Amino acid sequence: MINSLALPFPTLALHIPDGFLSLPVSFVTGAFSLLLLLISLNRVEKDYQDRIVPLMGVCAAFVFAAQMINFPIPGGTSGHLLGGTLTGILLGPWAGSLVMTVVFIVQALLFQDGGLTALGANIFNMGLIGTFGGYYLYKVIRSLFGFSRWRGMAMGTAIASWTSVVVAAFVCSVQLALSGTVPLQVALFAMLSWHFVIGIGEALITLTAVSYIWRTRPDLIFDSPRPSLSPKI
Amino acid sequence: MNHSPSSKSKTFIFTGLGSALAIAVLLSPFASTHPDGLDRVAQDHNFEKKAETNPLAQKLPFHAIFDEYSLRGVPKSVATPLAGLIGTLVTFGLSWGLGKVGSKKSDAPDSSS
């Protein structure tokens with residue numbers, strides 16, 4: 001093998017390669033992701049104004065770049081940012097979901113990272129769980145701890161982004177088990193124990209990025225802390 | 001009237017895209033080569049061999065340009081940074097384009113819908 005790591009498939013965090021998922025699991029996850037994306041596209045067309053466009057480009061570029069940077073975690077494993085919660089917080093769940101999908105399509109088509117038959121599952125696990133689940137969890141926590149205060153934003157961002165990684169690992173385990181690739185208990189224990197730690201990296205990066213924008217351009221955050229200065233979307 | 005981005009938003013675009021490119025080009029050589037979460041679990045529990053050895057993506061023309069995150073035909077030391085540079089720009093462009101096609105013109109009459 002020419003691959004320097006001598007692994008038979010690309011090496012990036014939760015990206016599922018071709019061959020790990022059964023046909024039914026691929027099909028159902030793919031159909032579900034497609035449905036959510038069509039709804040997202042519809043909402044973007046209806047609700048978003050074109051001032052969001054530059055932020056969509058920048059978010060996609062940042063998530064793509066950050067996903068290339070695996071950080072080491074104790075025990076000889078590594079992880080990288082998923083970015084779903086980050087894009088959900090900055091762009092809202094609808095445009096955020098479209099942006100994450102662009103990232104996974106580029107990775108799968110151009111760089112053979114993540115199987116094409118697993119594309120729907122990868123979009124769902126690493127994208128939509130964050131852009132929808134992560135975003136709404138962030139919003140609830142932020143409301144509880146002070147919607148327009150840094151503390152509220154920080155608590156919501158950190159907890160939601162960590163949780164999105166753990167939930168993604170959980171869902172990925174279930175998909176692998178349903179596909180008959182690995183027993184559920186084995187997958188759950190192994191995947192969750194690594195991703196509890198990988199999620200801390202996700203929380204740190206997401207909080208750093210959102211904090212920076214909170215300080216410099218708070219008007220760009222989807223739920224802007226100063227609503228008077230920004231139109232709803 | 002098609003107004004161009006304000007200078008404030010130009011600053012943001014340059015800072016944002018600039019840091020993404022810096023991450024992809026300058027940091028990518030230092031990325032950890034340890035297996036990541038799913039790879040590690042696949043190795044530990046002996047299902048990594050189930051991965052398709054000849055996946056569909058390798059039959060695409062892009063595989064002649066990129067071997068995973070390495071640009072082919074350039075020295076090894078710059079192969080990954082260049083792949084990162086191109087990938088970041090492509091992702092930026094596609095996402096920008098999708099937003100442009102999908103979103104509404106901000107000038108369109110909009111009464112708090």
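**Exercise 1.** In this predicted model, state in which loop of chain A the residue A:Gln49 lies, and work out whether A:Gln49 counts as buried, exposed or partly exposed.

*Solution.* Begin with the position along the chain: A:Gln49 is found in the loop that runs between H1 and H2 of chain A. Next, take the count of C-beta neighbours inside 10 Å, which for A:Gln49 is 16. A buried residue would need 20 or more and an exposed one 12 or fewer, so A:Gln49, with its 16 neighbours, counts as partly exposed. As a last step, consider A:Gly115, which is 66 residues away from A:Gln49 along the chain; the C-alpha atoms of the two are separated by 34 Å.

**Exercise 2.** Describe the side of chain A that touches chain B, by its elements and by the kinds of residue it holds.

*Solution.* Start with the totals, which are 69 residues of chain A in contact with 58 residues of chain B. Several elements of chain A give two or more residues to this side, among them helix H1 (23-47), helix H2 (53-67) and strand E1 (71-73). Of the contributors, H2(A) gives the most, with 11 residues. Finally, sort the residues of this side of chain A by kind, which yields 49 nonpolar, 14 polar and 6 charged.

**Exercise 3.** Identify where in chain A the pLDDT is below 50.

*Solution.* Take the whole chain before its parts: the mean pLDDT of chain A is 92, and 91% of its residues reach 70 or more. Residues 1-12 of chain A nevertheless have a pLDDT below 50, although this stretch has 21 contacts in the model beyond near neighbours in sequence. Residues 228-233 of chain A also fall below 50, and that stretch has 7 such contacts.

Key
Residues are numbered from 1 along each chain as its sequence is written. Chains are lettered from A and ligands numbered from 1 in the order in which they are written. This is a predicted model: local features need pLDDT of at least 70, side-chain atom pairs count only at pLDDT 80 or more; totals for chains, interfaces and linings use all residues. Two residues are in contact if their C-beta atoms, placed from the backbone, lie within 7 Å. Helices (H or I, at least four residues) and strands (E, at least two) are DSSP runs, numbered from the N terminus. Ala, Val, Leu, Ile, Met, Phe, Trp, Tyr, Cys and Pro count as nonpolar, Asp, Glu, Lys and Arg as charged, and the others, Gly among them, as polar. pLDDT is the predictor's confidence in each residue, from 0 to 100.
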